[in-house]
Amino acid sequence: MAKRDYYDVLGVTKGSSAEEIKKAYRKLAIKYHPDKNPGDKEAEEKFKEAAEAYEILSNPEKKQRYDQFGHAGTSGAGGYGGGHMNMEDIFSQFGDIFGGGSPFESFFGGGGQSRGGRRVAKGSNLRIKVKLTLEEIAKGAEKKIKVNKQVVCNVCDGSGAKDRSSFHTCNTCGGTGAVRRVTNTILGQMQTTSTCPTCNGEGTQITSKCNNCHGDGVVRGEETININIPAGVSEGMQLSMSGKGNAAPRGGVPGDLIILIEEVPHETLQREGNNVVYDLHISFVDAALGSTVEVPTIDGKAKIKIEPGTQGGKILRLKGKGVPEVNSYHRGDQLVYVNIWTPKALSREERDLLEKLQNSPNFKPQPGKQEKSFFERMKEYFE
């Protein structure tokens, strides 16, 4: 597959300044970053493509060769013009561009964030499931959940050291958390920055580790977390609580808590989007003569009127008795499906009465005078 023009990839022109090119790359790196698009191969390829384009266009000499010869001028030129970039290439070669170890660290902290130029570890995310009844979904709920996770060590306060004197500046990076190296290429010298391998970007090392956490700064523990769930959530929806995941080693940034919503089936009501459905069964006597019946709703019991001559399959609507939309004042309806219940066993007296009515014209279907079908009513309702 032919490569796209590097200027088109970044959305810039040949006359764009270095700052404009850098800004365009940052925007694409944030948009297609793997942390924001987990498992999305297309986003990953676009992330690599943008990094490759920036590596060429941000270098004056490589840019000049590309402007003259196109992609042929970048192949085998000591860069990534050959199209074999991987994530390690991107993160190791462009740390100096993003003011720290890598685009991961500069933008999202994917495994680490930057503080004062030093790498700070990031705790992993946690996922839990929360079960909600239909009533809780309709009104919103507050849950207290006990979560077993990594918590900050209470002996060393998360530092991982036995005491303050146990820290010393890393000799490899001089406390910066990053090391720079110069590579000779056919286009000249290229300076790159990467995370210090000795201190893992922290800038310091520990001589005496905490006896409780063994230098990690975190231990296994339990935390009770208050979760406020808005009204209108649905099955499979995920909510995120920043900083409520696993604690990070040695005072890093904690991960997030991902909450997966599960709906507990209701005994009599069913949910269809923001609407609630109830199957009402009435006798043909009530359907013929009319009646007032009580039906369950999310908010409690409600009385509805059955008009004389109501046909089976009729849909009655209780406006505003459904589930609200998330972060909205709009609320769905409750749909009551009328079903005519026919008795299976009759007494002799009941059978005699029905047999007398059997031949009555009013108890026979009237061709051409029937109400609309169930499906026709459903179509009209949703239109």
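What follows is a chat about a predicted model and the reasons behind some of the words used for it.

Reader: Let's start broad. How many helices and strands does the protein have, and how much of it counts as buried?

Author: The protein has ten helices and 17 strands. Of its 383 residues, 38% count as buried. The protein exposes about 22,400 Å², and carbon and sulfur atoms supply 48% of that.

Reader: What share of the contacts between residues at least 6 apart in sequence join residues at least 24 apart?

Author: That share is 64%.

Reader: On to α2. How do you know that the length of helix α2 agrees with what 15 residues should span?

Author: Helix α2 covers residues 18-32. The expected span is 1.5 Å times one less than the number of residues, so the 15 residues of α2 should span 21 Å. The end C-alpha atoms of α2 are 21 Å apart, which agrees.

Reader: Which residues of α2 are buried, and what puts them on the same side of α2?

Author: The buried ones are Ile 21, Ala 24, Tyr 25, Leu 28, Ala 29 and Tyr 32. They cover an arc of only 135 degrees around the axis, so they sit on the same side of α2.

Reader: And which exposed residues does the face turned away from that buried side carry?

Author: That face of α2 carries Glu 19, Lys 23, Lys 27 and Lys 31, which are exposed.

Reader: Now the sheets. What is the strand order in the open sheet of four strands, and what is its pairing called?

Author: The order is β12-β13-β17-β16, and the pairing is mixed. The edge strands are β12 (270-272) and β16 (315-318). The twist averages 35 degrees from one strand to the next.

Reader: What makes β12 and β16 edge strands?

Author: Each of β12 and β16 pairs on one side only.

Reader: How do you know that the pairing in that sheet is mixed?

Author: Go through the neighbours. β12 and β13 (residues 275-283) run antiparallel, joined by three bridges. β13 and β17 run parallel, with eight bridges between them. β16 and β17 (residues 334-341) run antiparallel, over four bridges. Both senses turn up, and the sheet is accordingly listed as mixed.

Reader: How do you know that β12 and β13 count as a pair?

Author: Two strands pair if there are at least two bridges between them. β12 and β13 have three. One of the bridge partnerships is Arg 271 with Val 276 in β13.

Reader: Which residues stand opposite each other where β17 meets its neighbours?

Author: On the β13 side, Val 276 stands opposite Gln 334 in β17. On the β16 side, Arg 317 has Leu 335 of β17 as its bridge partner.

Reader: What does Gly 273 do in the hairpin of β12 and β13?

Author: The hairpin has two residues between the strands, and Gly 273 takes a positive phi near 65 degrees there.

Reader: Why is Gln 270 called exposed?

Author: Exposed means a relative accessible area over 50%. Gln 270, in strand β12, has 51%, so it is exposed. Leaving aside neighbours within four places in sequence, Gln 270 is in contact with Asn 275, Val 276 and Val 277.

Reader: How far is Gln 270 from Gln 334?

Author: The C-alpha atoms of Gln 270 and Gln 334 are separated by 9.6 Å, and the two residues are 64 apart along the chain.

Reader: What about the open sheet of three strands?

Author: That one has the order β3-β11-β10, again with mixed pairing. The edge strands are β3 (126-132) and β10 (238-241), each pairing on one side only. The twist averages 30 degrees from one strand to the next.

Reader: How do you know that β10 and β11 pair?

Author: The cut-off is at least two bridges, and β10 and β11 (residues 257-263) have four, in the antiparallel sense. Among the partners are Ser 240 and Ile 258 in β11.

Reader: Which residues have a positive phi although they are not glycine?

Author: Asp 157 is one of them, with a phi of about 55 degrees. His 214 has a positive phi of about 60 degrees. Asp 157 lies in the loop between β4 (141-152) and β5 (167-169). His 214 is in the loop between β8 (204-206) and β9 (218-229).

Reader: Are Asp 157 and His 214 buried or exposed?

Author: Set each against the cut-off of over 50%. Asp 157 has a relative accessible area of 65%, so it is exposed. His 214 has 57%, so it is exposed.

Note on methods:
Residues numbered from 1 in each chain as written. Predicted model: local features only at pLDDT ≥ 70, side-chain atom pairs only at ≥ 80, totals over all residues. Heavy atoms only, no water. Buried < 20%, exposed > 50% of the residue type's maximum accessible area, 1.4 Å probe, protein only. Contact = heavy atoms within 4.5 Å. Areas by Shrake-Rupley, 256 points an atom, 1.4 Å probe, with all protein chains shown as cover. Axes fitted to C-alpha atoms, helices over the stretch in contact; angles between N-to-C directions. Arc of directions from axis to C-beta.
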